[in-house]
Amino acid sequence: MALLTGVYFIIELGIGIYTGSIAVLSDSFHTFSAVGGVLLALAAGRIAMRPADLSKTFGYKRAEVIGALLNGIFLLAMAGIVFYWNSCAFKCLWSYRLYLC
């Protein structure tokens with residue numbers, strides 16, 4: 001399922017770049033964040049299930065918290081990129097494509 005959604009992300013990203021639509025580009029990043037968040041949560045959950053050892057006496061339970069932190073940082077970065085694209089679009093309203101600005 002993640003592979004299918006990843007292909008959908010690539011197609012939507014290509015269409016967003018071709019048309020210069022910030023709405024389509026932001027929706028493609030939303031799709032990517034959903035897939036990335038689920039895959040990151042699965043990986044963090046698998047790491048958190050590891051038992052404690054001599055060096056990690058409390059185990060790997062904090063892996064889920066670090067996974068959530070990474071997901072939040074990624075979402076903030078995507079929001080910053082979309083905000084930057086919108087500011088570029090407001091600078092040159094005559095252009096219908098992002099790369100002309």
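Biologist: Glu-12 is found in helix α1. Is Glu-12 buried or exposed in this predicted model?

Modeller: The cut-off for buried is under 20% relative accessible area. Glu-12 has a relative accessible area of 10%, so Glu-12 is buried.

Biologist: What does Glu-12 touch, leaving aside residues up to four places away in sequence?

Modeller: Glu-12 touches Val-24, Asp-27, Ser-28 and Thr-31. With Thr-31 there is also a polar contact, side chain to side chain, at 3.5 Å.

Biologist: Which other residues of α1 are buried?

Modeller: The buried residues of α1 are Phe-9, Glu-12 and Gly-16. They cover an arc of only 75° around the axis, which means that they sit on the same side of α1. The general idea is helix periodicity: an α-helix has 3.6 residues a turn, so residues three or four places apart point the same way.

Biologist: Which residues are exposed on the other side of α1?

Modeller: Leu-3, Leu-4, Ile-10 and Tyr-18 are exposed there. The buried residues of α1, in turn, pack against α2, residues 22-48.

Biologist: How can the length of α1 be checked?

Modeller: Compare the expected span with the end-to-end distance. Helix α1 covers residues 2-19, and at 1.5 Å a residue its 18 residues should span 26 Å. The end C-alpha atoms are 25 Å apart, which agrees.

Biologist: What phi does Gly-20 take, just after α1?

Modeller: Gly-20 has a positive phi of about 75°.

Biologist: Which residues make up the largest nonpolar core?

Modeller: The general idea comes before the list. In soluble globular proteins, nonpolar side chains tend to be buried together. Here the largest nonpolar core has 7 residues: Phe-9, Ile-22, Leu-25, Phe-29, Met-78, Val-82 and Trp-85. The elements that give two or more residues to this core are α2 and α3. Phe-9 is also one of the buried residues of α1.

Biologist: Where does Asn-71 lie, and how is its accessibility classed?

Modeller: Asn-71 lies in helix α3, residues 63-91. Its relative accessibility is 23%, so Asn-71 counts as partly exposed. The partly exposed class lies between under 20% and over 50%.

Biologist: What does Asn-71 touch, again not counting residues up to four places away in sequence?

Modeller: Asn-71 touches Ser-33, Gly-37 and Leu-40.

Biologist: How far apart are Asn-71 and Glu-12 in sequence and in space?

Modeller: Asn-71 and Glu-12 are 59 residues apart in sequence. In space, their C-alpha atoms are 21 Å apart.

Methods:
Residues numbered from 1 in each chain as written. Predicted model: local features only at pLDDT ≥ 70, side-chain atom pairs only at ≥ 80, totals over all residues. Heavy atoms only, no water. Helix = DSSP H or I, 4+ residues; strand = E, 2+ residues; numbered from the N terminus. Buried < 20%, exposed > 50% of the residue type's maximum accessible area, 1.4 Å probe, protein only. Contact = heavy atoms within 4.5 Å. Expected span 1.5 Å × (residues − 1). Arc of directions from axis to C-beta. Core = buried A, V, L, I, M, F, W, Y, C linked by side-chain atoms within 4.5 Å. Polar contact = N/O pair within 3.5 Å; in protein donor to acceptor, adjacent residues only side chain to side chain.
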